[in-house]
Amino acid sequence: QVQLVESGGGLVQPGGSLRLSCAASGILFSIHNLGWYRQAPGKERELVATITSGGSTNTADSVKGRFTISRDNAKNTVYLQMNSLKPEDTAVYYCNAQLRIADLEYAYWGQGTQVTVSS
């Protein structure tokens, strides 16, 4: 059974920092591409950052320079370090793991963790 469990969300003041973690089980973690997505109320889910199995990263323009994605294959965990948080970063943040083999694609999601940026 595949599980992705996010943690680290909460309430933070503008300008503050949070680190989200996503612990995976039931998959061969090291060969999966990983990502963080977020969904604000009334908006579609959007990509925040991704990291490939090889360690290459991609970050959305809206968070570039403030958010950093990383992974620890020994701990089966992916992280999202969020600095200089803004009210517009408020959303539910979801962890994603993807694997593509030939024409087959496997994708798994966590349950989400709420991040609220407010004074």
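**Exercise 1. Is Arg-100 buried or exposed, and at what relative accessibility?** Determine also the accessibility class of the partner with which Arg-100 forms a salt bridge.

*Solution.* The structure is a predicted model.
Step 1. The relative accessibility of Arg-100 is 61%. The cut-off for an exposed residue is over 50%, so Arg-100 counts as exposed at 61%.
Step 2. The side chain of Arg-100 meets that of Glu-105 in a salt bridge, with an N to O distance of 2.2 Å.
Step 3. Glu-105 has 42% relative accessibility and therefore counts as partly exposed.

**Exercise 2. Examine the salt bridges of Asp-61 and Asp-89, and state where each pair stands.**

*Solution.* Step 1. Asp-61 pairs with Lys-64 in a salt bridge of 3.3 Å, taken from N to O. Because its relative accessibility is 66%, Asp-61 counts as exposed.
Step 2. Asp-89 forms a salt bridge with Arg-66, and the closest N and O atoms of this pair are 2.7 Å apart. The two residues link distant parts of the chain: Arg-66 belongs to the loop between S6 and strand S7 (67-72), while Asp-89 belongs to the loop between strand S8 (77-82) and strand S9 (91-101), 23 residues apart.
Step 3. Arg-66 and Asp-89 are both buried, whereas Asp-61 is exposed.
Step 4. The search of the whole structure yields 5 salt bridges. Among the residues concerned, Arg-38, Glu-46, Arg-66 and Asp-89 are joined into one network by salt bridges that share partners.

**Exercise 3. Arg-71 is buried yet has no salt bridge; establish what surrounds its side chain.**

*Solution.* Step 1. Arg-71 is located in strand S7.
Step 2. The nearest side chain of opposite charge is that of Asp-72, at 8.4 Å. A salt bridge requires a distance within 4 Å, so Asp-72 at 8.4 Å does not supply one.
Step 3. Backbone oxygens lie within reach of the polar-contact cut-off of 3.5 Å: that of His-32 is 2.9 Å from a polar atom of the Arg-71 side chain, and that of Thr-52 is 2.8 Å from such an atom.
Step 4. With neighbours within four places in sequence left aside, the contacts of Arg-71 include Phe-29, Asn-33, Leu-34, Ile-51, Ser-53 and Val-78.

**Exercise 4. Describe how strand S5 pairs with strands S4 and S6.**

*Solution.* Step 1. Strand S4 (residues 33-39) and strand S5 (residues 46-51) run antiparallel and are joined by 5 bridges. Across this pairing, Leu-34 is opposite Ile-51; both residues also appear among the contacts of Arg-71.
Step 2. The hairpin of S4 and S5 has 6 residues between the strands, and Gly-42 adopts a positive phi near 75 degrees there.
Step 3. S5 also pairs with strand S6 (residues 57-59), in the antiparallel sense and over 3 bridges. Here Thr-50 faces Asn-58 in S6.
Step 4. The hairpin of S5 and S6 has 5 residues between its strands, and Gly-55 in the turn has a positive phi of about 100 degrees.

**Exercise 5. Which cysteines does a disulfide join, and what is the handedness of the link?**

*Solution.* Step 1. The count of disulfides is 1. The disulfide joins Cys-22 to Cys-95, with an S to S distance of 2.1 Å.
Step 2. The link of Cys-22 and Cys-95 is left-handed, with -80 degrees about the S-S bond.
Step 3. Distant parts of the chain are thereby linked: Cys-22 is in strand S3 (residues 18-25) and Cys-95 in strand S9, 73 residues apart.
Step 4. Both Cys-22 and Cys-95 are buried.

Technical notes
Residues are numbered from 1 along each chain as its sequence is written. This is a predicted model: local features need pLDDT of at least 70, side-chain atom pairs count only at pLDDT 80 or more; totals for chains, interfaces and linings use all residues. Side-chain values use heavy atoms; hydrogens and water are left out. Two strands pair if DSSP finds at least two bridges between them. Helices (H or I, at least four residues) and strands (E, at least two) are DSSP runs, numbered from the N terminus. Buried means under 20% relative accessible area, exposed over 50%, partly exposed in between (1.4 Å probe, protein chains only). Lys and Arg count as positive and Asp and Glu as negative; His and the chain ends are not counted. A polar contact is a pair of N or O atoms within 3.5 Å; within protein, one must be able to donate a hydrogen and the other to accept it, and residues adjacent in sequence count only if both atoms are side-chain atoms. Contact means heavy atoms within 4.5 Å. A disulfide is a pair of cysteine sulfur atoms within 2.5 Å.
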